Amino acid sequence: MNRRKLAIVAGIVILAAALLLLLWPDYQADPLAENEAAETELPEGLVLIDEEQIRTAEIEVAAVQAGAAVELVFPATVVASPTASARIDARASGVVRSVGKTLGDYVRKGETVARIESADAAALASQLSSARARVTELSAAYERERRLFEANVTARQDLEAARANLDVARAELNRAQAAVAAAGVSGDGRSLAVTSPLSGRVTATPIVLGSFVDAGEELYRVVNPSGLQIEVALPSEDAARIQPGDEAALIVGDGREIGARVRSVTPSLDPESRSATAVLSLTRAVPGLQPGSFLQARIRPSGEVDQSRIAVPEDAVQVLEGRDVVFVRTQRGFQAREVATGSRSAGMVMILSGLEPGQQIATDNAFLLKAELEKENVEDDD
């Protein structure tokens, strides 16, 4: 019985040895194939990079901090600043004889936009002619007195009286010339020029060719697009939180954000609306922005921080395959992590989800990690 058991054990040992020899080549697999298999097991979105490569690429790493600037959202209106809008009125009563501009046209400062045939033009032209004739007359009288004085025929006081009269006449001529130039009197003395006091575009044209207008009647309205400002209605409970110099952002109809800054805040509330008005200055000219447009304004009160929110530099957020991602530092490199973003302002992006305070992320030159990841994806597809 013992011999039979020994034979069975010996058979099992021999069979195991044969199987081991048969499977030995697979156990000694190619190291390269083993490495490739290991790489295929890397987490998706992981960029392998060591400390030396990070320094060489100048990739900055920073810790995510808790706390983001508070942003208050208000309705806003685009208006022209007092120095960027002008109402052009008729300078005198008369008939509109020419219309030089129409709605939307560009005008230069001092450019004639219309002409009005008026009795005032004739009166100014007449005063100028009279002043010139008076100067001519008194110039001749002065020269006559000067010659008589030099011949010892008249006294010095007569010469001085003639000079004084001539000086008065010349002053009156200068006044008449200035009045004619300011009114833009035509050469024939029949019409007055209507000119624009600033450069801009015509936004209103109540003027009608051939109509009679009274002095002070509106003919045109001109707005300089580069002189726009934003007016924001602030509820009474928020008015004290907004101060001049606070940063702001404007959201226009197509979703664009425009940088702005609070220039002033009214010191008192409007008695009807019970709100204060903040005036925002644009950081740059915005094509297509029109007076009267309605916007949303996000204002960041200085010194107010919401500890429940997170904000990171804009450079840290990259778009990868249509998703917003942030590269989080790991032991082997950086892991692309999808995040939900909120508002963007002053170079910072609000992170709604996907990050936690204390995590280390790539900030400056994070786009290099995105480029490396996209390169790896292309190679995998090939």
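Thr136 has a relative accessibility of 56%, and the bar for being exposed is over 50%, so Thr136 counts as exposed. You'll find this residue in helix α4, which covers residues 119-150. Try locating Leu166 too: Thr136 and Leu166 are 30 residues apart in sequence, while their C-alpha atoms are 8.9 Å apart in space. Keep in mind that what you're looking at is a predicted model.

Zooming out, the protein has seven helices and 24 strands. Of its 382 residues, 34% are buried. Its exposed surface comes to about 22,800 Å², with carbon and sulfur atoms supplying 52% of that. As for contacts with a separation of 6 or more, 74% of them link residues 24 or more positions apart.

Now for one of the sheets. Four strands line up in the order β9-β8-β6-β11, making an open sheet with antiparallel pairing. Strands β9 (191-195) and β11 (212-213) are at the edges with a single partner strand each, so each has one side without a neighbour in the sheet. Between β8 (residues 112-117) and β9 there are five bridges, again in the antiparallel sense. One place to spot this is Glu117, whose bridge partner in β9 is Ser191.

Next, the inside. In soluble globular proteins, nonpolar side chains tend to be buried together. Here, the largest nonpolar core has 25 residues, and the members touching the most others are Ile230, Val232, Leu234, Leu250, Leu280 and Ile299. The strands in this table each give that core at least two residues:

| Strand | Residues |
|---|---|
| β4 | residues 72-80 |
| β13 | residues 228-235 |
| β14 | residues 247-251 |
| β15 | residues 257-265 |
| β16 | residues 275-282 |
| β17 | residues 294-300 |

There is also a second, separate core, made of 18 residues, with Val135, Ala162, Val180 and Val185 among them.

Which residues does Leu234 touch, leaving aside those up to four places away in sequence? The answer is Phe74, Ala239, Ile242, Val265, Ser275, Ala276, Ala278 and Ile299.

Last up, the rings. The count of aromatic pairs is zero. There is, however, a charge over a ring: the charged end of Arg329 sits over the ring of Phe334, 5.2 Å from the ring's centre.

Key
Residues are numbered from 1 along each chain as its sequence is written. This is a predicted model: local features need pLDDT of at least 70, side-chain atom pairs count only at pLDDT 80 or more; totals for chains, interfaces and linings use all residues. Side-chain values use heavy atoms; hydrogens and water are left out. Two strands pair if DSSP finds at least two bridges between them. Buried means under 20% relative accessible area, exposed over 50%, partly exposed in between (1.4 Å probe, protein chains only). Rings of Phe, Tyr and Trp (its six-membered ring) pair if their centres lie within 6.5 Å; planes under 30 degrees apart count as stacked, over 60 as edge-to-face and the rest as tilted. A charge sits over a ring if NZ of Lys or CZ of Arg is within 6 Å of the ring centre and within 35 degrees of the ring normal. A nonpolar core is a set of buried Ala, Val, Leu, Ile, Met, Phe, Trp, Tyr and Cys residues joined through side-chain atoms within 4.5 Å. Contact means heavy atoms within 4.5 Å. Accessible areas come from the Shrake-Rupley method with a 1.4 Å probe; for residues, only the protein chains shown count as cover.
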